[in-house]
Amino acid sequence: ENGETPRYGGALNIGSVYVTLSALSWDPYDWNWKVNHDTGFYFEQLIAGDLSKSRKNGGKHRFVADASLPSDGLRGELAESWEWEANPLALVFKLRRGIMWPEKPGVMKTREFVADDVVFSFNRLNTSPRKQADYFDFVDRVEARDRHTVVFHMKAFNAEWGARFGWGYNSAIVPKELVDAGPSNWKNATGTGPFQIAEFVQGGFQTYVKNPDYWDKERIGNTDYRLPFVDKVTYRTIKDTATQLTALRSGKLDILESVGWRSVDELKKSAPTLLWSKRLSTLGQYVALRVDSKPFDDIRVRRALNMAVNKDEIVAAYYGGNAEMLGFPMYTDWTGYYQPLAEMPPSVKQLFTYDPQKAKELLKDAGYPNGFTTKMQFCTCSPAHGDLAPMIAAYLEKIGVRIELQPMEYGAFLSAMTTRKNAPMYLMNKGHTNPTMTIRTNFVTGQLWNPSQWSDAAFDRKMADVYATRDEAERQRMLREMTVHMLDQAPYIWLPTAYLYAAWWPWVKNYDGELSVGAVRPGPIYARIWIDQELKRKMGF
Amino acid sequence: MVEVAQPATGALTSRRRDAGPFVRFIVRLVREKPLGAFGAAIFLLFLACGLLADVVAPHGMNQINPIARLKPPSLQAPLGTDSLGRDMLSRVLYGAQLSVIIGFSAAAIATVISVVLGVLTGYLGGKVDMVVQRFVDAWMSFPDLVLLIVVVSVIGPGMPQVIGLLGLLFGIAGSRIVRGAVISVRENMYVHAAQSTGASTLRILWHHILPNVTPIVIVLFTTRVGAVILAESGLSFIGLGVPPPAPTWGGMLSGAGRVFMYDAPWLALAPGICLTLVVYAVNVFGDALRDLLDPRLRSAP
Amino acid sequence: MTSPLLQVRGLTVQFRTDRGFVNAVDSVSLNVDAGETLAVVGESGSGKSVTALSLLRLVPSPQGRIVAGEVIFDGQDLLTLDDRQMRAVRGNRIAMIFQEPMSSLNPTLTMGLQVAEPFSIHDGTPWAAALGKAKTLLDRVRIPDSGARLAAYPHQFSGGMRQRVMIAMALACRPRMIIADEPTTALDVTVQAQILDLLKELTQETRSALILITHDLGVVARYADRVCVMYAGRIVETGTARDIYERASHPYTRALMASIPRLDRDTATRLEPIEGYPPSLAQLPPGCAFHPRCRFAADPCGRRVPMLEKIGERHHRACFVDAAV
Amino acid sequence: MPPSENDAPLLCVERLKVHFPLYKGVIFKRRVGAAQAVDGVSFTLRAGETLGLVGESGCGKSTTGLAVLRMTEVNDGRVVFEGRDITRLDRAGMQPIRRRMQMVYQDPYGSLNPRMPVADIIGEPLAVHGLAPGKAERRERARELLQMVGLRADMIDRYPHEFSGGQRQRIGIARAIAVHPGLLICDEPVSALDVSIQAQVVNLFEDLQERFGMAYIFIAHDLAVVRHVSDRIAVMYLGRIVEVAASADLYRQPLHPYTQALLAAIPIPDPAAEAARPRQIVAGEVPSVLRPPSGCRFHTRCPKAMPVCARIEPVLAGEGGTHAVACHLHNAVEGEAA
Amino acid sequence: MQAYIIRRLLALVPTLLFTSVIVFITVRLIPGDVIDLMLTENDIGATRQSRVQIEAALGFDKPMHVQYFRWIGAVLLDGDLGRSLWQTTPVTELVMERLAVTFELGLMALLIALIVALPLGAYSAMRQDTIGDYVGRSFAILMLAIPGFWKATMIMVFPSIWWGWAPEVEFTPFRDDPLRHLGQMLIPAAILGTAMSAVTMRMTRTMMLEVLRQDYIRTAWAKGLGEKLVVMRHALRNALIPVVTVIGLQAPLLIGGTVIMEQIFVIPGMGLLLLEAVSQRDYPIITGVFLVVGVAVLLINLLVDLSYGLLDPKVRYA
Ligand SMILES: Nc1ncnc2c1ncn2[C@@H]1O[C@H](COP(=O)(O)OP(=O)(O)OP(=O)(O)O)[C@@H](O)[C@H]1O
Ligand SMILES: Nc1ncnc2c1ncn2[C@@H]1O[C@H](COP(=O)(O)OP(=O)(O)OP(=O)(O)O)[C@@H](O)[C@H]1O
Ligand SMILES: [Mg+2]
Ligand SMILES: [Mg+2]
């Protein structure tokens with residue numbers, strides 16, 4: 001990069017995307033999404049994002065979506081390569097040779113990573129009482145064909161296979177010795193990855209140190225460098241936003257992966273040398289309208305509400321331009337899946353155009369000439385929603401829809417949805433996850449995250465087809481179509497998606513705000529960062 | 001040099017005696033405790049603003065105008081606008097309505113609970129004290145957060161709930177303070193003397209114990225007013241507060257006020273100053289009241 | 001004649017009350033010589049205690065204040081001293097025994113500490129030694145089992161015992177003057193005699209003065225060198241003990257003498273109080289405050305306030321009429 | 001004043017014992033003994049009678065009074081009032097009896113609620129026992145009572161701190177006599193009064209006795225006053241009664257050496273006589289209620305002590321119950337004579 | 001007295017048992033149970049089957065009383081508070097880790113509060129209605145009216161913008177660097193302490209005003225005591241009963257922690273543990289924290305009650 005030669009050493013302090021959340025668990029067996037984030041430093045998976053294809057290296061991917069990888073941005077991590085076998089349907093992984101489990105006193109002696117490790121890890125995850133019941137149902141069984149070959153025998157094709165056991169949330173490869181020693185204790189944890197966990201203070205920080213035996217290398221210029229560069233990476237858990245910013249500003253954080261747009265201007269003033277990258281939030285925002293009850297069973301009402309909210313004004317004034325009108329259900333980076341608003345049919349565009357007059361007419365047509373009164377629930381855990389809720393209420397008031405706002409605590413809020421007791425209007429955030437899941441979880445009958453209670457048998461069948469379709473282009477077409485359909489049906493009041501920023505100091509090199517090379521798993525990204533310690537000193541830190 | 005009382009003074013005195021006790025109290029307050037009177041005036045002013053918010057506020061409390069968001073104080077908006085472009089002056093005025101009422105009624109409920117529990121357990125002692133105070137212990141160790149969440153899920157959010165809940169929370173814990181004071185008062189000779197005249201427990205509590213713990217009760221009440229107003233913002237945090245868009249000072253402080261502390265300090269200053277003023281007013285009035293109620297400090301013009 | 005140890009001139013103390021200002025003490029002047037015992041007697045509520053308090057500037061404020069006068073003690077006007085100088089006088093050079101022994105002791109501190117305290121502050125005696133001295137003092141005021149009682153609290157003491165503790169406290173620093181406000185009301189006659197003898201001894205030994213406020217005219221007769229009679233905030237008569245007992249000249253004093261119950265009289269006879277009520281300080285009758293109750297009241301009594309006039313060598317009285325004799 | 005003809009005594013105190021436990025230690029207190037404040041006191045009192053109670057300071061007079069009122073815990077013995085044993089009555093049981101007995105406390109200021117005006121203080125017993133229903137009526141009564149004790153009626157709205165010591169004492173008296181109790185325990189009721197007021201109050205006591213048949217336990221140090229008001233006088237020493245006699249008898253012929261010493265110590269309001277009088281004071285270390293001496297409690301200081309006094313406790317006995325004494329000197333002699 | 005202490009200590013057991021039943025049950029009744037949350041957190045279309053499966057894994061399929069007796073049995077017999085539902089870490093370990101830090105912060109705050117409140121309260125009372133009194137009272141009232149989170153945020157934000165100075169934002173455990181650790185605790189402790197001092201100061205003042213009018217204070221003056229001694233030795237102690245009670249009321253903070261300060265100053269304390277546990281419905285942690293805080297509250301209240309006897313010898317324990 002810019003002809004600079006990388007240097008080894010130094011410690012990296014990171015305020016991660018989940019800067020307020022300490023590690024929740026250290027064992028993938030717990031089936032907790034956050035595990036992948038914290039153990040992703042030392043557990044590796046069969047497949048990972050290919051960082052050589054990142055924007056920074058001239059590629060086209062940004063690796064910021066939290067739980068999806070583009071199919072042309074993958075590379076083998078523990079696996080060297082994989083290929084499908086038909087009849088019976090099977091996926092065969094050739095594993096990298098010579099990867100060693102490092103020595104971990106009291107837990108395991110150093111030994112080679114082999115196919116049995118993969119089989120063991122998969123079977124263990126598959127038998128966890130906490131697993132999602134049908135998650136691995138498409139896999140018949142997994143076997144080690146030889147010391148370096150693993151075969152996944154399939155019952156059926158599932159378009160999400162990669163996200164499920166290749167590079168996703170539940171894909172970590174764990175040594176048996178660790179499971180014997182007690183996997184929930186972080187002090188035992190070990191893996192083939194670039195770092196090893198060294199210290200953990202719940203709610204304070206977690207420190208990872210370099211794994212000197214890490215197998216991977218990075219080519220910079222024409223040289224291959226052994227990874228990782230830095231000696232130590234520390235995640236700091238900081239609950240308070242003001243404190244996060246202060247930590248960054250005062251150089252106690254080298255990287256803050258998530259900075260709200262509101263703070264950017266001030267930071268640019270008080271710390272002008274910070275480097276920035278901007279990305280769209282991976283959480284979509286909407287107000288779900290319960291289509292299983294009046295008045296929202298009427299599409300006219302739903303559309304009227306969409307038109308009554310001045311989304312342009314929200315983007316321009318409330319977000320100061322730092323938001324995308326259409327960023328959900330598809331994420332803007334998902335080429336082939338995402339279609340910009342401009343390309344949408346007029347009836348969808350209409351939903352994003354402020355038109356209270358039309359909205360009133362629609363309401364009148366639907367039999368509500370004087371509007372109606374209803375309830376909207378929102379979570380107090382989101383400060384933005386504390387603003388958005390009264391704002392939406394104020395807009396809707398203008399067309400005669402009076403809203404009783406009902407703020408709720410996080411757990412109670414979520415459970416209202418999972419138990420389907422949510423109010424007729426339900427303001428929420430939802431992660432995109434990946435292109436198939438974003439459509440399935442939101443709109444398939446009976447899904448947990450389907451707060452509008454959308455239910456359409458034909459649509460459900462189509463979704464099943466998507467999963468069974470092997471051709472990605474075809475899947476993309478189907479999903480685009482389904483997206484347009486759902487947008488148009490307006491089960492939600494679609495709201496703009498905000499931009500987020502990552503900031504880091506200039507001494508952090510070989511980094512451009514990437515977040516994840518799998519499902520929320522950043523380890524390999526940090527392994528490639530090096531620190532220009534001289535620059536840091538020169539800048540007075 | 002020596003002012004010897006003239007008969008005229010006596011006449012004056014008797015005339016003043018004729019006035020109602022309330023009028024007499026006001027006269028004494030104004031004459032002897034101007035600061036306390038000032039406090040009372042401020043408090044009444046806020047109360048009036050609150051009650052008349054619908055009339056005096058230039059705008060509605062949720063009249064948004066995102067285009068004009070975060071505008072510093074100006075002629076159109078004397079206290080600036082908030083993050084949704086709402087007029088801060090109007091919100092602060094409506095806030096007076098909520099916060100003053102919440103602060104006052106919750107503090108009043110809390111004080112009543114504290115006094116009733118504290119006086120009973122402190123005076124009766126023995127088994128009553130043992131049992132009731134163990135309930136207080138249990139209550140104090142019960143995690144508030146859990147309690148609040150459960151309560152809100154059962155009865156939902158709203159102002160009466162906030163008042164009741166805060167009253168209960170502060171009241172039960174506060175009973176220990178009153179109890180402590182009562183314990184030190186109940187061993188006084190005059191209490192024994194009253195007992196020996198055959199006075200009923202209720203009478204002793206009302207005429208002997210209570211008047212002698214009033215200074216404590218006044219402090220308890222006046223400090224609670226501020227605490228309650230702030231605690232309401234904590235409730236909002238978990239969704240039990242007064243639901244938006246209704247503005248409470250605590251909510252304004254802890255919400256946008258804190259987020260925009262740097263960019264738009266007026267968002268916090270307006271409710272903050274009002275809150276401080278009300279707390280100040282109530283407390284100085286309390287202090288004055290305390291002195292006026294103490295016969296040992298009675299002094300004429 | 002050498003100047004007296006204590007010279008009070010024109011002392012006036014006012015209270016603010018609901019009924020306006022009242023003069024609880026009105027232009028009181030008196031002298032006390034070293035080695036002398038001055039008894040102050042007078043009707044209940046006549047201002048004896050307030051006079052005593054004002055000598056040490058302990059009138060309860062803010063409602064009470066000294067509005068005029070001089071209190072010259074050992075050549076110094078106490079009313080002009082600053083706080084630090086005043087502290088050095090209080091408890092050290094002038095000690096006071098308060099009338100209300102029950103409430104004048106701190107209920108939360110042990111008797112030992114309270115008695116030893118003056119040693120520690122004025123003489124800098126270390127606590128252990130001070131406690132030792134305190135025990136000796138308690139012995140002197142005849143508290144039984146004084147060693148064990150050092151650790152007791154006031155509520156464990158009987159009325160008389162508390163009163164003796166108050167006395168012990170006053171004696172601690174061998175003050176030049178002791179103001180004793182009804183010091184023996186709660187003591188039986190034997191203990192009273194012992195305590196008063198003790199006080200008397202001390203005053204004579206160190207040539208200090210004793211101001212003894214009391215209602216017990218027997219005590220006055222036995223211990224006082226001179227007597228001051230107060231009525232409604234003013235001194236109405238002063239003289240040696242003999243002057244007062246044998247040649248009482250003010251009608252009030254005479255009436256007082258007449259109402260003493262005596263062991264040498266028949267119990268069936270009724271005691272003879274002075275007719276009428278003591279006047280309200282807020283509405284003192286014009287002229288002599290006693291005249292409405294005075295059997296001898298004459299023309300000027302209701303118009304002018306009588307001044308103290310010399311009628312014997314050390315005998316003064318404030319009266320217009322030639323009562324009595 | 002002649003004792004009432006009614007023979008059933010109004011109050012009968014039998015072997016009354018009040019011991020105050022004493023502790024050492026800060027949190028973990030050990031009981032290290034007891035102050036035997038009252039240790040086996042017996043006496044009776046008829047309606048309309050006055051019993052003077054005199055004795056050395058700290059000998060248990062106030063405690064006896066408080067125990068009779070049940071304001072302090074009684075360890076042993078009985079208090080029978082108007083024929084009822086009240087020693088074990090609970091609060092509710094005592095309530096109606098409280099109207100029949102009242103007390104003037106030794107500590108006038110402490111026993112007045114600083115936050116109550118005099119009108120309410122004096123009116124309280126009236127209100128408690130429903131004797132004056134209306135507030136105005138109570139006020140009127142309070143005025144009267146104030147005047148009866150020599151205070152001006154216009155002081156009615158004042159608070160206790162605005163009074164002088166003697167005035168406070170009279171407020172206590174006014175409160176106690178408000179309900180015309182059958183029994184009034186007066187603990188040093190006139191000690192802070194000047195002789196004139198004292199005379200007035202003593203007269204008041206006598207009037208009340210005449211009109212309402214009140215009985216008094218009159219605790220005082222001023223023996224002249226005690227003699228004046230009492231029908232009988234009990235002399236206490238260290239928790240015990242050592243001598244009881246009709247007041248005239250006692251003064252004429254004190255039997256117990258302690259009584260004799262007491263009478264001898266009375267100061268006479270006449271400087272000339274005082275100067276001439278020989279001083280005799282009971283000498284010796286005052287014994288402690290924590291560890292009372294064996295045998296006769298006075299023997300350590302008694303000028304006439306005999307060897308037997310240190311060993312055997314004398315009992316209170318005497319002819320016909322009119323003059324009883326607890327002294328080996330007399331009981332032995334009288335015993336032989338009889 | 002011993003009897004009283006023993007009775008109080010005995011009463012601790014039923015009180016805690018009683019409360020623990022209630023806490024145990026209410027916690028499980030909070031809408032949005034842990035299973036709901038686990039299902040939603042896993043993010044991927046869960047089904048009824050997943051729910052049953054997880055319920056069984058966590059032992060929630062058993063009747064409530066069985067669950068309770070299991071839990072309380074383990075607590076009483078082994079001192080085992082159970083394991084976190086999410087992290088499977090032993091609760092005892094989690095709680096103990098936090099306890100030290102929280103206790104330390106609370107204690108520092110309490111000390112600061114006392115150091116501020118007592119002298120200020122006494123001073124204000126001594127100089128009633130003078131400028132000094134006004135200043136003292138205004139200070140207390142400001143402390144009442146300005147919320148702690150506000151002060152904390154100010155300190156966090158402005159110095160770093162203006163002068164490039166910021167309070168510590170990296171938590172340093174005591175064992176790593178005691179000095180730095182204490183320095184880090186100082187600011188939050190000061191903010192908490194001054195906030196706590198407000199009520200204490202006002203209590204002290206008002207009680208002192210009561211006491212200063214008593215006769216025995218006049219006696220103290222008459223002995224020639226200086227102001228300091230009169231206040232410290234004679235007045236303060238008599239004024240202290242309600243003050244100690246107020247302090248006792250604030251003391252649960254020592255154990256319970258203060259979410260906001262912990263949050264802003266990055267202190268891994270009990271408050272955050274409980275907050276997170278509640279929002280994640282991690283029942284064993286909630287009940288565990290409750291037990292620890294409960295025992296502390298009960299003991300502190302006992303101490304407060306015992307202190308009455310020390311402060312006022314007339315107080316009797318029945
Ligand atoms: N704080 C006060 N406010 C108003 N008046 C007061 C106050 N203190 C005392 N007085 C009045 O001042 C007068 C003198 O009181 P003082 O205590 O000196 O009387 P005294 O001569 O000591 O009487 P006693 O013999 O009864 O103790 C009394 O009439 C009393 O009512
Ligand atoms: N609460 C108590 N605790 C311990 N000892 C006590 C208590 N109350 C009184 N005493 C002791 O009991 C004894 C008797 O006290 P009491 O008050 O009855 O005496 P008294 O005869 O009234 O004396 P005086 O004439 O001095 O008032 C005293 O020695 C006293 O110290
Ligand atoms: Mg007096
Ligand atoms: Mg007594």
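Biologist: Why is D:Q106 called buried?

Modeller: The relative accessibility of D:Q106 is 15%. Buried means under 20% relative accessible area, exposed means over 50%, and partly exposed is in between, with a 1.4 Å probe and protein chains only. D:Q106 therefore counts as buried. This is a predicted model, in which local features need pLDDT of at least 70 and side-chain atom pairs count only at pLDDT 80 or more, while totals for chains, interfaces and linings use all residues. Residues are numbered from 1 along each chain as its sequence is written, chains are lettered from A and ligands numbered from 1 in the order in which they are written, and side-chain values use heavy atoms, with hydrogens and water left out.

Biologist: What makes D:S62 and D:Q106 donors of the magnesium ion, ligand 4?

Modeller: D:S62 offers OG and D:Q106 offers OE1, at 1.8 to 2.2 Å from the ion. Donors are N, O and S atoms within 2.8 Å of the metal (3.2 Å for Na, K and Ca), and sites may look incomplete because water is not among the atoms. Both distances satisfy the magnesium limit. The pair links distant parts of chain D: D:S62 is in helix α1 (residues 61-68), and D:Q106 is in the loop between β6 (101-104) and α3 (118-128), 44 residues apart. Helices (H or I, at least four residues) and strands (E, at least two) are DSSP runs numbered from the N terminus.

Biologist: Which residues coordinate the other magnesium ion, ligand 3?

Modeller: C:S49, through OG, and C:Q99, through OE1, coordinate ligand 3 at 1.8 to 2.2 Å. C:S49 lies in helix α1 of chain C and C:Q99 in the loop between β6 (94-97) and α3 (111-123), 50 residues apart. C:Q99 has a relative accessible area of 13%, so C:Q99 is buried.

Biologist: How do you know that ligand 1 lies between chains C and D?

Modeller: Its shell has 22 residues, and the closest are C:S44, C:G45, C:S49, D:S164 and D:G166, from both chains. A residue is near a molecule or strand if one of its heavy atoms lies within 4 Å of it. At least two shell residues each come from β1 (6-17) and α1 (48-55) of chain C and from α5 (165-177) of chain D.

Biologist: What makes polar contacts with ligand 1?

Modeller: An oxygen atom of ligand 1 lies 2.8 Å from a polar side-chain atom of C:Q99. For a side-chain N or O atom of D:R158 the distance is 3.1 Å, and for a backbone N or O atom of D:E162 it is 2.9 Å. A polar contact is a pair of N or O atoms within 3.5 Å; within protein, one must be able to donate a hydrogen and the other to accept it, and residues adjacent in sequence count only if both atoms are side-chain atoms. The protein covers 95% of the 630 Å² of accessible area that ligand 1 has on its own, by the Shrake-Rupley method with a 1.4 Å probe, where for residues only the protein chains shown count as cover.

Biologist: How many shell residues of ligand 1 are nonpolar, polar or charged?

Modeller: Five are nonpolar, 13 polar and four charged. Ala, Val, Leu, Ile, Met, Phe, Trp, Tyr, Cys and Pro count as nonpolar, Asp, Glu, Lys and Arg as charged, and the others, Gly among them, as polar. The shell around ligand 2 has eight nonpolar, twelve polar and two charged residues.

Biologist: Where does ligand 2 lie, and which residues come nearest?

Modeller: Ligand 2 also lies between chains C and D. Of 22 residues around it, C:Q156, C:G160, D:K61, D:S62 and D:T63 come nearest. A polar side-chain atom of D:T63 is 2.3 Å from an oxygen atom of ligand 2, and a backbone N or O atom of C:G159 is 3.2 Å from one. Taken alone ligand 2 exposes 630 Å², of which the protein buries 92%.

Biologist: Why is C:H215 called buried?

Modeller: Its relative accessible area is 7%, so C:H215 is buried. C:H215 lies in the loop between β8 (209-213) and α8 (217-223) of chain C. Its side chain makes a polar contact with the side chain of C:E182 at 2.9 Å, and reaches the backbone oxygen of D:A192 at 3.0 Å.

Biologist: How many helices and strands has chain B?

Modeller: Chain B has 13 helices and zero strands. Of its 301 residues, 62% count as buried.
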